[in-house]
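Dear colleague,

I am handing over the structure we spoke about, and my notes on its side-chain contacts and on one of its helices follow below. Please read them with the model open beside you.

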Amino acid sequence: MASLYMARLFLPGPLSAGSLDLPRDVVRHVQALRLCVGDDLTVFDGLGGEWPSVLVSPPPAARVELLRHVAVERELPTHVTLAVGMPANERMDWLAEKATELGAAQVQPLVTARSVLRLDGERAARRAAHWQAVAQAACEQCGRNRLPHIAVPTRLDAWLAGLPAAGDGSGAAGRCLLAAPGDGHALPFATWAAGLTGSQNLLALSGPEGGLGPDEIAWAQSAGFVAVSLGPRVLRAETAPLALLAALTARAPLD
Ligand code: SAH
């Protein structure tokens with residue numbers, strides 16, 4: 001298996017063995033990495049597995065030879081969707097990067113009643129594309145061969161209404177959690193996690209800087225979300241979902 005410390009490049013797939021001209025933006029990346037002809041690198045297309053490869057012609061017309069496909073994955077055993085009240089400024093970039101490193105399968109940025117950052121239409125789509133590029137770079141760095149999906153920001157009420165189990169609470173029980181500061185009303189994470197079986201899909205909702213409003217908490221709870229606490233400290237909007245992923249990672253086999 002290729003070393004994780006080797007340069008890793010994402011290329012849009014599906015890929016197959018053989019040689020391939022690199023797109024212009026990837027050539028710039030190859031130049032920044034100072035790769036030379038004959039250098040080994042790893043290529044992946046986000047669809048699964050990776051390709052041990054070698055640079056066969058130098059920039060600006062860089063070509064790589066994809067030698068073979070290796071079906072290796074570095075995913076969390078649990079498929080985790082983080083639905084997060086978007087933190088403002090570069091904190092959402094940071095969240096997209098770290099959530100990717102920590103293994104989130106999906107991030108759904110949300111506009112909530114108390115959100116500072118309110119995006120819709122074209123701006124929302126542009127920001128999502130930017131965060132998707134951040135996630136791609138994080139996959140190159142951390143060795144993931146599957147790209148997490150960073151969804152276009154949407155309103156919390158619309159998102160909740162679109163969930164399969166919204167309204168009846170049945171299908172959501174046990175796998176939908178609402179990150180809530182530990183003020184005595186929420187289950188401690190360890191108690192909640194003890195009830196998890198196998199590699200369930202998890203859906204975690206957490207609030208923006210100003211927290212979720214009482215109505216929003218009530219909607220989420222009636223859709224089957226269980227309030228779960230990660231301790232007595234108030235975590236920032238970008239910290240709480242990452243602390244949750246780290247806690248789930250610690251429960252999983254760590255090889
Ligand atoms: N002033 C806000 C704090 C918001 S913190 C308030 O009082 O609600 C942003 C979000 O992080 C919260 O909405 C919650 O979803 C999550 N969060 C913060 N601390 C947490 C903790 N200790 N455990 C679990 N979730 C937490």
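How many salt bridges does the count come to? The count comes to 12 salt bridges, and before going through some of them I should say that this is a predicted model, so that everything below is computed from predicted coordinates.

Salt bridges

I would begin with arginine 8, whose salt bridge with glutamate 50 has its closest N and O atoms 3.1 Å apart. This pair links distant parts of the chain, since arginine 8 is in strand β1 while glutamate 50 is in the loop between β3 and β4 (51-57), 42 residues apart. Both partners are charged residues that lie out of reach of the surface by the usual cut-off: arginine 8 counts as buried because its relative accessibility is 4%, under the 20% limit, and glutamate 50 counts as buried because its value is 1%.

A second group of salt bridges involves lysine 98. The side chains of glutamate 97 and lysine 98 meet at 2.7 Å, N to O, and lysine 98 also forms a salt bridge with glutamate 101, where the closest N and O atoms are 3.2 Å apart. Lysine 98 and glutamate 101 are separated by about one helical turn, because they are 3 residues apart in helix α2 (residues 91-101). As for their exposure, glutamate 97 counts as partly exposed at 29% relative accessibility, and glutamate 101 is partly exposed as well, with a relative accessible area of 34%. Elsewhere, Arg8, Glu50 and Arg74 are joined into one network by salt bridges that share partners.

Aromatic pairs

The count of aromatic pairs comes to 3. In one of them, phenylalanine 10 and phenylalanine 44 are arranged edge-to-face, with 5.7 Å from centre to centre and 70° between the planes. Here too distant parts of the chain are linked, as phenylalanine 10 belongs to strand β1 (residues 8-10) and phenylalanine 44 to strand β3 (residues 40-44), 34 residues apart. Phenylalanine 10 counts as buried at 11% relative accessibility, and phenylalanine 44 counts as buried at 0%.

Another pair is formed by tryptophan 159 and phenylalanine 225, whose ring centres are 6.2 Å apart and whose planes are at 55°, so the pair is tilted. Because tryptophan 159 lies in helix α4 (residues 156-162) and phenylalanine 225 in the loop between α6 (214-222) and β13 (226-229), this pair ties together parts that are 66 residues apart in sequence. Tryptophan 159 and phenylalanine 225 are both buried.

Phenylalanine 44 also brings us back to arginine 8, for the charged end of arginine 8 sits over the ring of phenylalanine 44, 4.3 Å from its centre.

Helix α3

Finally, helix α3 (residues 121-142) has 22 residues and reaches 32 Å from its first C-alpha to its last, which is close to the 32 Å expected at 1.5 Å a residue. Its buried residues are Ala124, Ala128, Trp131, Val134, Ala135, Ala138, Cys139 and Glu140. Against which elements do the buried residues of α3 pack? They pack against β1, α1 (24-32), β3, α2, β7 (106-111) and β8 (149-150). After α3 comes glycine 143, whose phi is positive, near 95°.

With best regards

Notes:
Residues are numbered from 1 along each chain as its sequence is written. This is a predicted model: local features need pLDDT of at least 70, side-chain atom pairs count only at pLDDT 80 or more; totals for chains, interfaces and linings use all residues. Side-chain values use heavy atoms; hydrogens and water are left out. Rings of Phe, Tyr and Trp (its six-membered ring) pair if their centres lie within 6.5 Å; planes under 30 degrees apart count as stacked, over 60 as edge-to-face and the rest as tilted. Helices (H or I, at least four residues) and strands (E, at least two) are DSSP runs, numbered from the N terminus. Buried means under 20% relative accessible area, exposed over 50%, partly exposed in between (1.4 Å probe, protein chains only). A charge sits over a ring if NZ of Lys or CZ of Arg is within 6 Å of the ring centre and within 35 degrees of the ring normal. A salt bridge is a side-chain nitrogen of Lys or Arg within 4 Å of a carboxyl oxygen of Asp or Glu. The expected span of a helix is 1.5 Å times one less than its number of residues. Contact means heavy atoms within 4.5 Å.
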